[in-house]
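Biologist: I would like a close look at a single part of this chain, with its surroundings described step by step. Please take one residue as the way in and work outwards from there.

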Amino acid sequence: MRFRTAFLGALMVGAALVCGCAKYPGDAVVTRRLLDMRMTLRGVPDVNAYYLFVLDTNGRGADGPQVIAPLTPFLGNGRATGAYTYYVEYHQGRFELFRDQPEVQGVTPPPREALGEPFAFDDSSSSGSLRCTLDLTQLRPVSTDPSPTQVELNLITVNEIVLPGETPPVPRQSDGLGADGNTFLVLRMENGLQVNNNGTEGAGEVFGGRQLDAAYDIVDFSVAVRDGN
Ligand SMILES: [Ca+2]
């Protein structure tokens, strides 16, 4: 127990040094940098669909998370493609963070790793908005690594996970940011960053020759980075 306390204390001091955190009155040390994410749908979420906050922490703004094209023969893990390292998945009323990577044809990937719940989350299903917050320390492969200073982010919906060789009983539907779903955001993890839609994401896109149903159509989003405790 003594070791655990000492370790946590060291972790808090280390975090304060790394992020140059301020102190509020009462000497409450700000120890966390938080990433708030919201996606808003045209309709109410489908409880059986997959709503993904997909993050790439490889530090390269040139690549990032993308949707899987509707007619590609290789569907990978059925969720997303491009480059990514983590996602928060909202499915059947539950938010869960996973470490994962896109699949490459012909390569057997390691299984995704469940990392538990995000730091905070809010399922305002009746309003069509899903919100979650990550503590950036949740995005470290090992606890001694620094938190990422840049994240490439896309918000992706998938009505049904279809794996290679499977035939979907209903048409696949998927949305992401931008007209083609592949306009991922490149975000510096600096306190005070705020990104709103500003016309990036619209409504009623066509995916695979069919207009998206309201439950899978992202129409608005916001992202913010802030210090918290
Ligand atoms: Ca849309």
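Modeller: Once its neighbours within four places in sequence are left aside, Leu52 is in contact with Arg79, Ala80, Tyr87, Glu89 and Ile156. This is a predicted model, and the contacts described here are computed from its coordinates. Leu52 and Tyr87 appear together again in the largest nonpolar core, a group of 41 residues in which Leu52, Phe53, Val54, Leu55 and Tyr87 touch the most other members. Several strands feed this core, since β3, β4 (50–56), β7 (86–91), β8 (94–99), β11, β12 (150–158) and β18 each supply at least two of its residues. The largest share, six residues, comes from β4.

Among the contributors to the core, β3 deserves a closer description. This strand, which spans residues 32–41, is mostly covered, with seven of its ten residues buried. On one hand β3 pairs with β18 (residues 218–228) in the antiparallel sense over ten bridges, and within that pairing Met39 has Phe221 of β18 as its bridge partner. On the other hand β3 also pairs with β11 (residues 129–135), again in the antiparallel sense, over seven bridges, and here Leu34 stands opposite Asp135 of β11.

These pairings belong to a wider arrangement, an open sheet of five strands in the order β10-β11-β3-β18-β15, in which the pairing is antiparallel. The sheet ends at β10 (120–124) and β15 (194–196), the edge strands, each of which pairs on one side only. From one strand to the next the twist averages 10°. At the β10 edge, the pairing with β11 is antiparallel and runs over five bridges, and Ala120 has Thr133 in β11 as its bridge partner. Read together with the core, the order of the sheet places β11, β3 and β18 consecutively, and these three strands are also among those that each supply at least two core residues.

Stepping back to the whole chain, its secondary structure consists of one helix and 18 strands. Buried residues account for 33% of the 229 residues. Among contacts between residues at least 6 apart in sequence, 63% join residues at least 24 apart. The contact between Leu52 and Ile156, with which this description began, is one that can be followed directly in the model.

Conventions
Residues numbered from 1 in each chain as written. Predicted model: local features only at pLDDT ≥ 70, side-chain atom pairs only at ≥ 80, totals over all residues. Buried ≥ 20, exposed ≤ 12 C-beta atoms within 10 Å, placed from the backbone. Helix = DSSP H or I, 4+ residues; strand = E, 2+ residues; numbered from the N terminus. Pairing = 2+ DSSP bridges. Contact = placed C-beta atoms within 7 Å. Core = buried A, V, L, I, M, F, W, Y, C linked by C-beta atoms within 7 Å. Axes fitted to C-alpha atoms, helices over the stretch in contact; angles between N-to-C directions.
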